[in-house]
Amino acid sequence: MISEVFYRKLAVITKVLGAAGVFLMLVVVSVNAQERFTYVLSMFDPVSYQVSQLPEKGREDITLSWGGRIWAFSNEGNRDAFRHSPEVYAPLFQGCDALSLAQGYRAEGLAKIYLIYDQQLMLFQGREHRALFLSAPDTLLVKAKSHAGDVKCGPYQ
């Protein structure tokens, strides 16, 4: 009689622990999935760089997946413009610092330190890099383009 009660309680405990384990596993998978999908440009709207005085923050409810990344937009019109011509609005070199590329190495550019040059958005890791790039932009752009593929800052996938 004691063994029947023991086994029933053990079965209940096993079910509860199993359900808790499944729940924890789902939470971990959900958190990991959310971490994988980070927004490009620190969630700034890529279209706004070219159509506004200052870049605007995008909204979590107006997004688009392109080039293996998630892009956020401040309004649906900007999202539609990007959808039709993403290469016009996406940062050149996948957001890598243009001056660093010209010098042959990879460095991430910052969304708030940018330049629209020859109708293309370029990011820089610091204001000094942007200023140095502007000292000889055509020459440095050619050099940056020649190094971009070597350091994985080439075209979007």
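The following paragraphs describe the fold of one protein chain, from its overall make-up to selected residues.

The structure is a predicted model, in which local features need pLDDT of at least 70, side-chain atom pairs count only at pLDDT 80 or more, and totals for chains, interfaces and linings use all residues. Residues are numbered from 1 along each chain as its sequence is written, and side-chain values use heavy atoms, with hydrogens and water left out.

The protein chain has 7 helices and 4 strands. Here helices (H or I, at least four residues) and strands (E, at least two) are DSSP runs, numbered from the N terminus. Read from that end, the order of elements is α-α-β-β-α-α-α-β-β-α-α. Of the 157 residues, 38% count as buried; the term buried denotes under 20% relative accessible area, exposed denotes over 50%, and partly exposed lies in between (1.4 Å probe, protein chains only). The chain exposes about 10,000 Å², and carbon and sulfur atoms supply 59% of that area. Accessible areas come from the Shrake-Rupley method with a 1.4 Å probe, and for residues only the protein chains shown count as cover. Among contacts (heavy atoms within 4.5 Å) between residues at least 6 apart in sequence, 53% join residues at least 24 apart.

The description now follows the chain from the N-terminal side. Leu-41 lies in the loop between helix 1 (2–36) and helix 2 (48–51). Most residues other than glycine have a negative phi. Leu-41, however, has a positive phi of about 60° although it is not a glycine. With a relative accessible area of 8%, Leu-41 is buried.

After helix 2 the order of elements continues with two strands. Strand 1 (residues 59–66) and strand 2 run antiparallel and are joined by 5 bridges; two strands are taken to pair if DSSP finds at least two bridges between them. At this pairing, Trp-66 has Arg-69 in strand 2 as its bridge partner. The hairpin of the two strands has 2 residues between them, and Gly-67 takes a positive phi near 65° there. Strand 2 (residues 69–73) has 4 of its 5 residues buried, so this strand is largely enclosed by the rest of the structure.

Helix 3 (residues 76–84) contains Asn-78. Asn-78 is buried, with a relative accessible area of 11%. Leaving aside residues up to four places away in sequence, Asn-78 touches Asp-45, Val-47, Ser-48 and Phe-73.

Farther along, Cys-96 is placed in the loop between helix 4 (86–89) and helix 5 (98–102). The relative accessible area of Cys-96 is 1%, and the residue is buried. Its contacts, not counting residues up to four places away in sequence, are Leu-101, Arg-106, Ala-107, Glu-108, Gly-109, Leu-123 and Cys-153. For one of these residues, Ala-107, the separation from Cys-96 is 11 residues in sequence and 5.6 Å in space, C-alpha to C-alpha.

The second pair of strands also forms a hairpin, in which 2 residues lie between strand 3 and strand 4. The two strands run antiparallel, with 5 bridges joining them, and Tyr-114 stands opposite Leu-123 in strand 4. Because 4 of the 5 residues of strand 4 are buried, this strand is largely enclosed by the rest of the structure. The turn itself, between strand 3 (110–117) and strand 4 (120–124), holds Asp-118. Asp-118 is a residue other than glycine with a positive phi, near 55°. At 59% relative accessibility, Asp-118 counts as exposed. Asp-118 and Asp-138 are 20 residues apart in sequence and 9.5 Å apart in space, C-alpha to C-alpha.

The last two helices remain to be described. Two packed helices are described by the angle between their axes and the distance between the axes. Axes are lines fitted to C-alpha atoms, for helices over the stretch in contact, and angles run from 0 to 180 degrees between N-to-C directions. Helix 6 (residues 127–135) packs against helix 7 (residues 137–148) at an angle of about 110°, with the axes 5 Å apart. The two helices are therefore roughly perpendicular to each other, on a scale where angles under 35 degrees count as roughly parallel, over 145 as roughly antiparallel, 65 to 115 as roughly perpendicular and the rest as oblique. From helix 6, Leu-132, Phe-133, Leu-134 and Ser-135 meet Pro-137, Leu-140 and Leu-141 in helix 7. By class, this contact has 6 nonpolar, 1 polar and no charged residues; Ala, Val, Leu, Ile, Met, Phe, Trp, Tyr, Cys and Pro count as nonpolar, Asp, Glu, Lys and Arg as charged, and the others, Gly among them, as polar.
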